Amino acid sequence: MATLPSVAVLKAAIDNPRAIATKPRARQLHAQILKRHGLSAASLSFVLSVYADLGLLRDSLLVFRALPSPAPPAAWKSVIRCYASHGLAADALASFSTMRALGRRPDRNVFPSVLKSCASLMDVRLGEAVHGCAVRVGVDGDLYTGNALMNMYAKFRSLGGDRDSVRKVFDMMPQRDVVSWNTVIAGNVQSGMYGEALAMVREMGNANLRPDSFTLSTVLPIFAEHVDVRKGKEIHGYAVRHGFDSNLFIGSTLIDMYAKCACVADSYRVFHMLPQRDGISWNSIIGACSQNGMFDEGLKFFRLMLKDNVKPGPISFSSIIPACSHLTSLHLGKQLHGYIIRAGFDDNVYIASSLIDMYAKCGKIEKAKWIFRNMELHDIVSWTAIVMGCALHGHALDAIALFEKMQMEGVKPTYVSFIAVLTACSHAGLVDEAWKYFNRMTQEFKINPGLEHYAAIADLLGRAGRLEEAYDFICRMPSEPPSSLWSPLMTACRVHKNVELAEKVAERILQVDPESIGTYVQMSNIYSAARRWKEAAKWKVSMKERGLRKKPACSWIEVRNRAHAFLSGDTSHPYYNKINEALEVLLEQMEKDGYKPNTSEVLHDVEEEQKKQLLQHHSERLAIAFGIISTPPGTEIRIIKNIRVCTDCHEAIKFISKIVGREIIVRDNSRFHHFKDGKCSCGDYW
């Protein structure tokens with residue numbers, strides 16, 4: 001049985017109630033006070049304040065209800081504060097209203113909790129009324145009341161409230177502390193008033209108040225937003241000099257700032273110098289890697305986080321799932337999905353959107369659709385993810401239907417969602433629909449078209465053979481078109497064998513990017529296809545003189561959780577002999593079924609038989625053959641290729657899918673191809 005506190009301990013507790021740190025001690029104190037002082041209003045109010053300090057709402061209410069009516073102001077203060085600390089804003093405000101109705105005058109200790117509750121409810125009119133009450137009572141000059149007023153008005157800004165209210169309260173405060181300055185600085189940052197925020201930091205220093213860790217973590221995102229690493233490093237230096245660099249929150253903010261400024265090496269250094277790490281710092285370094293395309297590193301840090309016994313949360317998964325998308329690691333993505341379900345995060349809208357994107361990019365569009373259908377709520381991110389997923393898999397009509405349904409459900413399309421629907425139109429040759437959405441974007445939704453929108457339209461026109469129209473469209477861009485916008489048109493010129501326009505496009509590309517390797521390769525290929533070997537050779541020589549090297553065609557396949565890479569003509573794989581045997585058997589059966597190699601795809605001046613051999617050993621065919629001999633019959637085969645699938649391989653894979661009775665999914669550099677029963681999902685339009 002616990003010993004009761006002595007008289008001396010009891011007296012000390014009464015003199016310093018904050019010394020009571022646990023619920024059992026508070027209840028012991030309560031019993032002793034009742035025993036020695038009875039049920040007086042003063043003694044019960046004191047006990048109530050102890051319970052309120054510990055956040056014990058149930059005990060606080062029991063004591064409050066035992067008080068004689070009307071309860072003293074100190075008791076009201078305690079119960080209002082306890083309600084507010086538990087997020088029960090409506091109850092806190094109801095108690096404040098009852099207190100006023102009973103004629104009890106609130107003092108400076110009551111208003112901070114009441115104003116906090118107004119801010120929680122985002123009730124502007126009520127907040128202004130409480131502000132007026134504070135002025136009438138004469139406590140608006142109190143430091144803590146002033147800080148609470150500024151915090152409330154800062155939150156009201158998101159509702160379109162008076163942007164100057166925070167500064168007005170600040171200017172009228174007779175006394176200010178670091179919290180006061182931090183509140184007005186944070187309010188400016190949240191409203192995008194970065195110049196004013198930085199000016200306030202300077203004023204704070206002039207007022208002989210030293211910025212603390214909260215100040216620094218508030219202003220660092222400004223430099224991340226403006227990619228101003230020099231000023232960010234100045235703040236970092238200040239943090240080091242004043243001992244804030246070991247603060248986890250500062251450390252995480254620095255990691256994020258350096259990552260957004262593309263200085264990932266500095267993010268690493270900050271992370272490794274932290275004396276201890278929490279979930280936020282781990283999430284920051286994982287996010288830093290993902291944002292900068294260092295997906296393997298992000299996965300490494302995720303594994304280290306698990307090894308360090310830090311439990312991943314929703315933000316962890318939202319940061320790491322994109323790594324699986326970009327690495328197209330379906331096996332790892334499925335593992336993460338299982339972990340998410342076990343942790344109970346599968347109903348998180350941000351994680352669900354990331355999963356939709358991951359499954360779509362790993363070739364599992366039906367799984368992506370299933371996740372979307374089972375989401376309780378859809379935001380713009382999830383809608384855009386599923387529309388883009390359908391677009392990449394050639395499900396153009398589904399993508400358009402989803403885009404229209406999104407608007408019917410009241411979700412307004414954004415810059416990115418228009419990219420998704422225009423991509424769907426491009427991959428299906430829906431020219432009229434694409435123009436309709438492009439015009440709606442600019443006229444109805446007042447979204448200025450960006451590079452990606454122009455690229456989608458130009459790509460669509462090129463695929464449709466409307467090459468001159470595509471050329472004129474790009475030339476009408478309000479700014480100088482970059483080489484990346486001309487490149488799809490160059491590919492279209494090759495497909496449609498338009499040498500003259502290709503020459504014009506190459507000239508435009510080399511004006512803005514003289515080192516464009518793709519242009520030299522494409523022009524050499526275009527001249528070779530036209531049997532203009534001398535011009536083709538000139539481009540190859542020019543490329544060699546400039547020290548430019550062609551990116552080799554490469555295909556990947558994941559078998560038993562391990563990635564295997566193949567280059568065209570590659571003989572280095574340990575199973576090469578078996579792969580070659582499989583290709584020979586397949587070729588024999590394909591030719592019986594009517595396959596005829598399209599040797600025009602071989603852009604070398606060599607004999608016809610040699611051209612056939614070159615075609616047979618393209619990287620995607622090597623990967624597919626390896627998949628066939630390494631997996632059980634009927635198993636789906638998924639291939640990733642770094643460049644466009646050639647016409648002959650596209651035709652050959654249709655034959656292979658029918659012969660082996662498997663679905664073969666090929667992701668090239670622009671879309672997915674689902675080959676099954678001798679047909680491709682693209683309908684031979686890609």
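**Close-up 1. A hairpin takes strand 4 into strand 5 by way of 4 residues.** Like every view here, this one comes from a predicted model. Strand 4 covers residues 664-667, runs antiparallel to strand 5, and is joined to strand 5 by 4 bridges. If you want one pair to look at, pick Ile-665, whose bridge partner in strand 5 is His-674.

**Close-up 2. Strand 5 sits largely enclosed by the rest of the structure.** Strand 5 spans residues 672-676, and 4 of its 5 residues are buried, which is why we call this strand largely enclosed. Buried here means under 20% relative accessible area.

**Close-up 3. Strand 5 also makes a hairpin with strand 6, with 2 residues between them.** Strand 6 is residues 679-680, and 2 bridges join strand 5 to this antiparallel partner. Phe-675 has its bridge partner in strand 6, namely Cys-680. Which residue in the turn has a positive phi? That's Asp-677, at about 55°.

**Close-up 4. The second largest pocket has a volume of about 570 Å³.** Four elements each give two or more residues to the lining of this pocket: helix 19 (314-327), helix 20 (330-343), strand 1 (554-559) and strand 3 (637-641). Altogether 28 residues line the second largest pocket. Want to find the middle? Look for Thr-328, Ile-557, Glu-558, Val-559 and Arg-638, which lie nearest the centre of the pocket. As for chemistry, the lining is a mix of 9 nonpolar, 10 polar and 9 charged residues.

**Close-up 5. The largest cavity holds about 50 Å³ of space.** How many cavities of 30 Å³ or more does a search of the whole structure find? The count is 4. Rolling a probe the size of a water molecule over the atoms is what shows where empty space is left.

**Close-up 6. Here is the lining of the largest cavity, with 4 nonpolar, 1 polar and 3 charged residues.** The residues to pick out are Leu-587, Glu-591, Tyr-595, Pro-597, Lys-612, Leu-615, Gln-616 and Arg-621. Helix 33 (576-592) and helix 34 (608-616) are the elements that give two or more residues to this lining. Which element gives the largest share of the lining? Helix 34 does, with 3 residues.

Methods: Residues numbered from 1 in each chain as written. Predicted model: local features only at pLDDT ≥ 70, side-chain atom pairs only at ≥ 80, totals over all residues. Heavy atoms only, no water. 1 Å grid on protein atoms, 1.4 Å probe; cavity = no way out; pocket = protein on both sides within 12 Å on 5 of 7 lines; lining within 4 Å. Points joined across faces, edges and corners; volume = space filled by probe spheres on them. Nonpolar A, V, L, I, M, F, W, Y, C, P; charged D, E, K, R; others polar. Buried < 20%, exposed > 50% of the residue type's maximum accessible area, 1.4 Å probe, protein only. Pairing = 2+ DSSP bridges.
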